[in-house]
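Reader: I am new to this structure and would like to go through it step by step. Could we begin by looking at it together?

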Amino acid sequence: MEILGTTLRICVEDLDAAVAFYEQLTGTAAQRFDRGGVSVAAVGCFLLMSGPAAELDVLRKVTATVAVPDVDEAHKTLTASGAQVVAGPVATPVGRNLIALHPDGSIFEYADRKPVA
């Protein structure tokens, strides 16, 4: 499975203030969307999330987002390697993703940027 890169996940209280900082830091504009009651902004390699505490508590358990060319291929490789897919694959505003529990207990999101039909 080819890994294209990783995204650092950061839960913040004030999304607008965080976006301003990370846009200045990276020199890139944020891509914003809402997902399940959580406001999200992708800025460079950072994924900023703000929302209800209960939602953020779940999101904090995911170590990082791993970009892959194809979530279906990732699913096959992960399960063949001993990981457990605990959610997905599902469509998101920017492609598809899944959440996998690695044998060591780490939890990662795997995401592609394939348009959803």
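**A partly exposed glycine and its surroundings**

Author: Gly-105 is partly exposed, since its relative accessible area is 46%. This is a predicted model, and the values below are computed from it.

Reader: Where does Gly-105 lie, and between which strands?

Author: Gly-105, which is partly exposed, does not belong to a strand itself but sits in a loop. That loop runs between strand 7 (95-101) and strand 8 (107-111).

Reader: What separation is there between the C-alpha atoms of Gly-105 and Ala-83?

Author: Along the chain, Gly-105 and Ala-83 are 22 residues apart. In space, their C-alpha atoms are separated by 9.3 Å.

Reader: Is Thr-92 buried or exposed?

Author: Thr-92 lies in strand 6, and its relative accessibility is 16%. Because buried means under 20% relative accessible area, the class that applies to Thr-92 is buried.

Reader: How many Å lie between Thr-92 and Phe-33, C-alpha to C-alpha?

Author: In sequence, Thr-92 and Phe-33 are 59 residues apart. Taken from C-alpha to C-alpha, the separation in space is 9.6 Å.

Reader: Which residue joins Gly-88 through a cis peptide bond?

Author: The omega of this bond is about 5°, and the partner of Gly-88 lies in strand 6. That partner is Pro-89.

Reader: Which residues of helix 1 are buried?

Author: Helix 1 covers residues 15-26, and its 12 residues reach 16 Å from the first C-alpha to the last, close to the 16 Å expected at 1.5 Å a residue. Its buried residues are Leu-15, Ala-18, Val-19 and Tyr-22.

Reader: Why do these buried residues lie on the same side of helix 1?

Author: An α-helix has 3.6 residues a turn, so residues three or four places apart point the same way. In helix 1, the face turned away from the buried side carries the exposed residues Asp-16 and Gln-24. The buried residues are on the same side of helix 1 because they cover an arc around the axis of only 100°.

Reader: Which strands do the buried residues of helix 1 pack against?

Author: At the start of helix 1, a side-chain oxygen of Asp-14 comes to within 3.3 Å of the backbone nitrogen of Asp-16, and just after the helix Gly-27 has a positive phi of about 75°. Between these ends, the buried residues pack against strand 1 (5-11), strand 2 (31-35), strand 3 (38-43) and strand 4 (46-50).

Reader: What arc do the buried residues of helix 3 fall within?

Author: In helix 3 (residues 71-80), the buried residues are Val-71, Ala-74 and Leu-78. They line one face of the helix, because seen down its axis they fall within an arc of 50°.

Reader: What covers the buried residues of helix 3?

Author: On the face turned away from the buried side, helix 3 carries the exposed residues Lys-76 and Ala-80. The cover over its buried residues includes strand 6, strand 7 and strand 8.

Reader: Which residue follows helix 3 with a positive phi?

Author: At the start of helix 3, a side-chain oxygen of Asp-70 reaches to within 2.8 Å of the backbone nitrogen of Asp-72. After helix 3 comes a residue whose phi is near 105°, and this is Gly-82.

Reader: Which strand gives the largest share of the lining of the largest pocket?

Author: The largest pocket holds about 920 Å³ of space and is lined by 40 residues, with Arg-9, Leu-47, Thr-65, Asn-97 and Glu-109 nearest its centre. The largest share of that lining is 5 residues, and these come from strand 6.

How values were computed. Residues numbered from 1 in each chain as written. Predicted model: local features only at pLDDT ≥ 70, side-chain atom pairs only at ≥ 80, totals over all residues. Heavy atoms only, no water. Helix = DSSP H or I, 4+ residues; strand = E, 2+ residues; numbered from the N terminus. Expected span 1.5 Å × (residues − 1). Buried < 20%, exposed > 50% of the residue type's maximum accessible area, 1.4 Å probe, protein only. Arc of directions from axis to C-beta. Contact = heavy atoms within 4.5 Å. Polar contact = N/O pair within 3.5 Å; in protein donor to acceptor, adjacent residues only side chain to side chain. 1 Å grid on protein atoms, 1.4 Å probe; cavity = no way out; pocket = protein on both sides within 12 Å on 5 of 7 lines; lining within 4 Å. Points joined across faces, edges and corners; volume = space filled by probe spheres on them.
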